[in-house]
Amino acid sequence: MEYILKNGIVYDPANEINGEKKDVMFKDGIIVDDVSSDAKVLDVTDKIVMPAGIDPHAHVAGPKLVVGRLYRPEDSRRGVTQKTKVLRSESGFSIPSCPATGYRYSRLGYGTVVEAAMPPLEAKHTHELKISKGYGIKIVNPCGSEAWGWGMNVHGVNDKAPYFDVTSKEVIQALAKANEYLNLPHSIHIHPNDLGHPGNVPTTIETMDAVKDIKKSSKATIRDQVMHLCHLQFHSYTGNSWRDAASGAEEIAKYINKNDHITCDVGQVTLDETTTMTADAPMEYDLFKLSGLKWTNKDIECETAAGIIPCIYSGKSPVNSLQWAIGLELFLHIDDPWKVCLTTDHPNAGPYTRYPRIISWLMSNQRRTEMIENREVHKWVEKRTTLPTIDREYDFYDIAVISRSAPARIYGFEDRGQLTPGYRADIAVYDINPNDIDPSRQYAEIEKGFNVADYTIKDGQILVKDKEIVKVKESQNIWVNVKGYEKQEQKVIDDIMPFFTQYYSVKWENYPVHDHYLSNPIRVDVEK
Amino acid sequence: MTYEPPITDYDYIVENCTCAFCGCNCDDLDYLVKDNHVVAVRHACRLGASKIMEDMDQRLIVPMIRDENGELMEVDWDTALDKAAEYIANSVRPVFYGWSETSTECMKEGVALGEYIGAVLDNQATICHGPSLQAVQNAGYPIQTLGEVQNRADVIAYSGSNAMNSHPRHMARYAVFCRGYFRQRGRFDRTVITMDPKFSDTAKCSDKWIGFEQNGDYGFYNAIRAVLRGKELYQDVISGIPKEDIYELAEEMKAAEFGVLFFGLGLTHTLSKQRNIDIAIKMVQDLNRFSKWGLTPMRGHFNVNGFNIFMAFECGFAFGVDYCRGYPRYMMGETNTIDLLVRKEPDCFMVIAADPGAHFPNGANQHLANIPVIQIDIHWGPSTELADVVLPGSFIGVECAGTSYRMDGVPIYMKKAIDKPETCRDDEWIVRELKERVMKLREEPNTAPKYVPNPNAL
């Protein structure tokens, strides 16, 4: 089937197309240069056309998500909708049910989501390296989650895990080297130590500095970084306690502006009631001690831990307002939008359905000023952050970078994230005329426009048309298969087998994710 | 127990099979197969081994339909499936109950059918660990995988659970006797405390037995919490336990490096029901101020946890999910099977891999006798006597493969070892067939003409 998207205003940062009026054509799910005269014309005159969104860090399918749903029926109730002929029923706000998660991403014009937490032991649940069918290496609070096995935590990158003679810094460096040695498409993806603790800026900077001298694999040509930091907002606090906490965003941004081996996503607080969940389990217990709300914990043997707690982010709260401002500061202080991605660390800082609102904040200094002046956020924002002094505003090109092109480059995707012929036809069209809108003043229209895409096209199939989902497509899993190390791999397996047999509660044969669980997998082969 | 000589007469061994009995889901079983029949099972406990080996005992082999005289008559698959589909398609308030002894793949088909026709989907949690789930929704859920217990735990507490009898390998494989990374001496590195009114077999092999009064659970845990929070106990004896013992126990629990509380139906189904679990969870949360503690419900069936996890994944609610309005609803006491049956609401009941005839209260079973009941199961049971259509399924983990979730939420792929009897079908196939036949018989009810977003989610 051939299609032509006619007269749209195209933003495709990977090809440096900035708001040009041009046609986008695709055939059989692939973007092409030219189509025959039989091509079906979709008129998108004066509407924004972008590659479909890519969410680089969200929690949508991991095993802890389901625990969140299981124990928060009050959240499920919030988003209930009736089924239609096309759609199944939905439920949930911060932790939507599985079908609802997909539908809502489609409505936002998103085509790819990276689940950021999948303990290999429970990977079958996520159904997404040859053993666990994952895409990259994620490190959470290195040594801290091990310490949590004893109800403790580590502080800073030079703390040792109890009973193990290894520090967080060593773990990070070793994994970064392994990552580059294996030529993985994505760099290490790290959630540094001391998340959410005032005064964690030095830890964050030391973490970034730890991999400064590690050389990027020459085969990983797409990405530039050797380390991706997730939800950086939670790692940019100064002070000694919440009493005297302030923003450290400027210092962090300065480091990132100076160094090219780092990329990040923000984890912007959206000021909603949400469900926080992270593998940084000790931090979740700290939150529990602060808020007293129902606390869930989930330790996974030999691998990780997770904590979950509901959280009500409010503009009335000084701390939450500070977090809100720090997120925006990071966006605005980091000069190169290619180094920063739009996330809320869904659902930790807010649900991903709030992306349009964040976009409106980024594009409108007026809106930010209004929020501060109207006391929609606490006065700490003025006193303890630089946000009121920043008048930078993102344009549509920058928005396309942080929500599509940068994540695609950071993950080393070779098949999506740009409108280049030969790439997958993952396209989003928004009902906004960029030549006839002043985002600074018309921020409400911006939010409304990005809230529901006019068209969402995934692999050439039209999923959303005229703001309505018209088709549901089965999801696909992307996983990385490293080739050329079969011998070493066998040796590693032989080496860990005695450990595995003795200390895991499942058998090796039952540990991997069988092909049975992968629907339409996309295997990315990486050669030696 | 008499000595049984080892089985030597077998054709081949299938290794690393998963036991389809209790929530331990031991995945290290070896089946000794001869003539397409499991003649011996290695590593399994007596419960698991006998279930696997005696799989042909009282086995349902062919589909059956109850005729006008009230007798179950053997029929072919098409007739039976058509009849069952007709019952479902013609009902206004169908209930699909069970699911805990079948695979998650089968549940997927079940939800598709339930959502299509507007049924209530519920599982055995409604009569077993339902109060635990209520408490989890109220207070939180600090859990850990069983391997974490094996590697770290030095204090193990069983409350209202007689693991020695109900989950025989639990202590051996996961919790007490096994050696762990930080517990190299196994049993000698651990302290076992049993809190139970009964001096159970588990209590017999524990270091400490605390036999509080019947229904004294809430008061007992409340007292421990009070002590943990630095309060003084004014009564000399609480729930039958001298207060000195409670002080001592609280100190012991605080001193643990890694403690775990396993609780069973003895805690969920005494007087205060979910409030018992509530306070136990809060006690564990309090204990985390001093050391590391977690808890785990001792789930009974091998996939009872699987249904709760699967439903939460699909619709956000764990059990008792009512789709009759075209969207999921969940309300304790309203959308649960027993309440529905006692109110005589359902007009069609499908039971899959469960035995309400044996387990439900009389009032509920009385209504079941009056409405069409479809049974999908592998064995004859009291529910067969209530059933109008009987559809013989196959044995997950032995005759067909599937996914199950262990009590701690670890998913395990249960593989197939032998072929099923020729006339039986896989549960997944049966439910899919029913779904397709129902879809032909009846247009999808309760769909909205147009998607209407929920204002609360915006």
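Which residue in β9(A) does V140(A) stand opposite? To reach the answer with some care, it helps to begin with chain A as a whole, bearing in mind that everything described here belongs to a predicted model.

Chain A contains 16 helices and 23 strands. Its radius of gyration is 22 Å, close to the 24 Å that the globule rule gives for 528 residues, so chain A is as compact as a globular protein of that length. Taken along the principal axes, the box that its C-alpha atoms fill comes to roughly 70 × 55 × 50 Å, and 59% of the 528 residues of the chain count as buried.

Within chain A, 5 strands form an open sheet, and if you follow them in order you pass through β8-β9-β10-β13-β17, with parallel pairing. Two of these strands, β8 (138-140) and β17 (340-341), stand at the edges with a single partner strand each, so one side of each is left without a neighbour in the sheet. The partner of β8(A) can be looked at in more detail, for 3 bridges join β8(A) to β9(A), which covers residues 188-191, and the two run parallel. Here the opening question finds its answer, since the residue of β9(A) that V140(A) stands opposite is H191(A).

From this sheet we can turn to the place where the two chains meet, where 52 residues of chain A are in contact with 59 residues of chain B. Several elements of chain A each supply at least two residues of the side that touches chain B, namely the helices α1 (63-71), α2 (73-78) and α4 (123-126), together with the strands β15 (295-300) and β21 (468-469). Sorted by class, that side of chain A has 20 nonpolar, 18 polar and 14 charged residues.

One of these elements, β15(A), also pairs with a strand of the other chain: β15(A) and β8(B), which spans residues 140-144 of chain B, run in the parallel sense over 5 bridges. Within this pairing, N297(A) stands opposite P142(B).

Following chain B back from that strand leads to the helix α4(B), residues 130-139, which is mostly covered, as 9 of its 10 residues are buried. Among the buried residues of α4(B) are G130(B), P131(B), L133(B), V136(B) and A139(B). The helix is followed by G140(B), whose phi is positive, near 115 degrees, and residue 140 is also where the range of β8(B) begins.

Technical notes. Residues are numbered from 1 along each chain as its sequence is written. Chains are lettered from A and ligands numbered from 1 in the order in which they are written. This is a predicted model: local features need pLDDT of at least 70, side-chain atom pairs count only at pLDDT 80 or more; totals for chains, interfaces and linings use all residues. Helices (H or I, at least four residues) and strands (E, at least two) are DSSP runs, numbered from the N terminus. The radius of gyration is taken over C-alpha atoms; the globule rule is 2.2 Å times the number of residues to the power 0.38. A residue is buried if 20 or more other C-beta atoms lie within 10 Å of its own, exposed if 12 or fewer, and partly exposed in between; C-beta atoms are placed from the backbone. Two residues are in contact if their C-beta atoms, placed from the backbone, lie within 7 Å. Ala, Val, Leu, Ile, Met, Phe, Trp, Tyr, Cys and Pro count as nonpolar, Asp, Glu, Lys and Arg as charged, and the others, Gly among them, as polar. Two strands pair if DSSP finds at least two bridges between them.
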